[in-house]
Amino acid sequence: MAKIIAVTNQKGGVGKTTTAINLAAALAISNKNVLLVDCDPQGNATSGVGLKGQRAPGGTVYEGLTQSPTVDSAQFVLATAIPRLSIIPATRDLAGAEIELISVDERERRLQKLLAPLRDRFDYIIIDSPPSLGLLTLNALVAADRVLIPLHCEYFALEGLADLVTTVRRVRAALNPGLDIEGVLLTMNDERTNLGQQVARDIREYFKEKVYTTVIPRNVRLAEAPSHGLPAVTYDARSRGAEAYFSFADELLTRNQDALATREP
Ligand code: ATP
Ligand code: MG
């Protein structure tokens, strides 16, 4: 049964999509079956794996969310060039879903229903979410088991975080009792400045052991890779950015194995 992880932070440009794409690809390279779900009308996760504008046989995540909930979820899954990595793609159409779903029953459970039948086909389902706390992000949080929060190592990193933590608590209380924070990933760290170190300290104080040991450095390869339609972990696997995402995927896998081991009697 897949673990569903929503990569969420309502702040824009913090590394959500870069994290979703490279984590998903690194997990696939580690022999996991992975589904990436592009839940952002910007469609950056879709173009980042080279499938800009492409549709699965059933369409994109937009049709998956807005059509009858009895549709066959497998119809929305598209293979990528990377073995074991599939995607439910998004196009700009998805912007309309925020409005169209307003009048629909259980509008916040649409993604949960779309993904439920796919759980037994994958080990991990990684959802990339948009920079807002609107209905699409709400759908991601209701569908997910865990939230992964990327935080840009900068002075204002913690700003707005209270809103995200409150939203996660509200979703847990009202809609998804199992929801929890998977972890906090520090991204775009500039090692040449002390500011990054100070911010990292503050974040570790606030989130304690939820913060991953791995820190993603600022690295130009991570920014270049999407224009080649490839995750950095395949575009230049030996770049510092790619290596950091491989370490992060390992750390996430290890934490999940440890969590499984401690749950056993
Ligand atoms: P949005 O909120 O718009 O969806 P996002 O949180 O998904 O943004 P990304 O798109 O992943 O953020 O990253 C923002 C920009 O920074 C992109 O151009 C990306 O290529 C670049 N970027 C992300 N991480 C790094 C990094 N570690 N080093 C250098 N550039 C990075
Ligand atoms: Mg994004």
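This report walks through the sheet, the ligand site and a few individual residues of a predicted model.

## The sheet

Let's start with the strands. Eight of them, 8 strands in total, form an open sheet, and their order is β3-β4-β2-β5-β1-β6-β7-β8, with mixed pairing. At the edges stand β3 (78–79) and β8, each with a single partner strand, so each has one side without a neighbour in the sheet.

Further inside that order, strand β2 (residues 34–38) runs parallel to strand β5 (residues 124–128), and 5 bridges join the two. If you would like a pair of residues to find in the model, take Asp 38, whose bridge partner in β5 is Asp 128. As background for looking along any of these strands, side chains in a regular strand alternate between the two faces of the sheet.

## Strand β8 and its surroundings

Strand β8 (residues 211–217) deserves a visit of its own. Of its 7 residues, 5 are buried, so the strand is largely enclosed by the rest of the structure. This is worth holding beside its place in the sheet, where β8 is an edge strand with a single partner.

That partnership is with strand β7 (residues 180–189): β7 and β8 pair in the parallel sense over 3 bridges. Asn 189 has Pro 217 as its bridge partner in β8. Together with helix α8 (residues 194–207), the two strands make a right-handed β-α-β unit.

A helix residue also reaches this part of the structure. Glu 251 belongs to helix α11 (residues 240–263), and its side chain makes a polar contact of 2.6 Å with the side chain of Thr 214. Glu 251 has a relative accessibility of 13%, so it counts as buried, the cut-off being under 20%.

## The ligand site

Which residues are closest to ligand 1? They are Lys 16, Thr 17, Thr 18, Pro 217 and Asn 219, among the 18 residues that surround the ligand. Pro 217 is thus a familiar name, as it is also the bridge partner of Asn 189.

Several polar atoms meet the ligand here. An N or O atom in the side chain of Lys 16 lies 2.8 Å from an oxygen atom of ligand 1. For the side chain of Thr 17, an N or O atom is likewise 2.8 Å from an oxygen atom of the ligand. Asn 219 takes part through its backbone, with a polar atom 2.9 Å from a nitrogen atom of ligand 1. On its own, ligand 1 has 620 Å² of accessible area, and the protein covers 80% of it. The elements giving two or more residues to the shell are α1 (16–29), β8 and α9 (220–224), and the largest share, 3 residues, comes from α1.

## Two loop residues with positive phi

Most residues other than glycine have a negative phi. Two exceptions are easy to look up. Glu 106 has a positive phi of about 50° and sits in the loop between α4 (94–100) and α5 (110–115). With a relative accessible area of 41%, Glu 106 is partly exposed.

Lys 208 also has a positive phi of about 50°. Its loop is the one between α8 and β8. Is Lys 208 buried or exposed? At 53% relative accessibility, Lys 208 counts as exposed.

## Cysteines

The model holds 0 disulfides. Cys 39 is buried, with a relative accessible area of 0%. Cys 153 is buried too, at 8%.

Notes: Residues numbered from 1 in each chain as written. Chains lettered and ligands numbered in written order. Predicted model: local features only at pLDDT ≥ 70, side-chain atom pairs only at ≥ 80, totals over all residues. Heavy atoms only, no water. Disulfide = S-S within 2.5 Å. Buried < 20%, exposed > 50% of the residue type's maximum accessible area, 1.4 Å probe, protein only. Helix = DSSP H or I, 4+ residues; strand = E, 2+ residues; numbered from the N terminus. Pairing = 2+ DSSP bridges. Right-handed = clockwise from strand over helix to strand, strands pointing away. Near = heavy atom within 4 Å. Polar contact = N/O pair within 3.5 Å; in protein donor to acceptor, adjacent residues only side chain to side chain. Areas by Shrake-Rupley, 256 points an atom, 1.4 Å probe, with all protein chains shown as cover.
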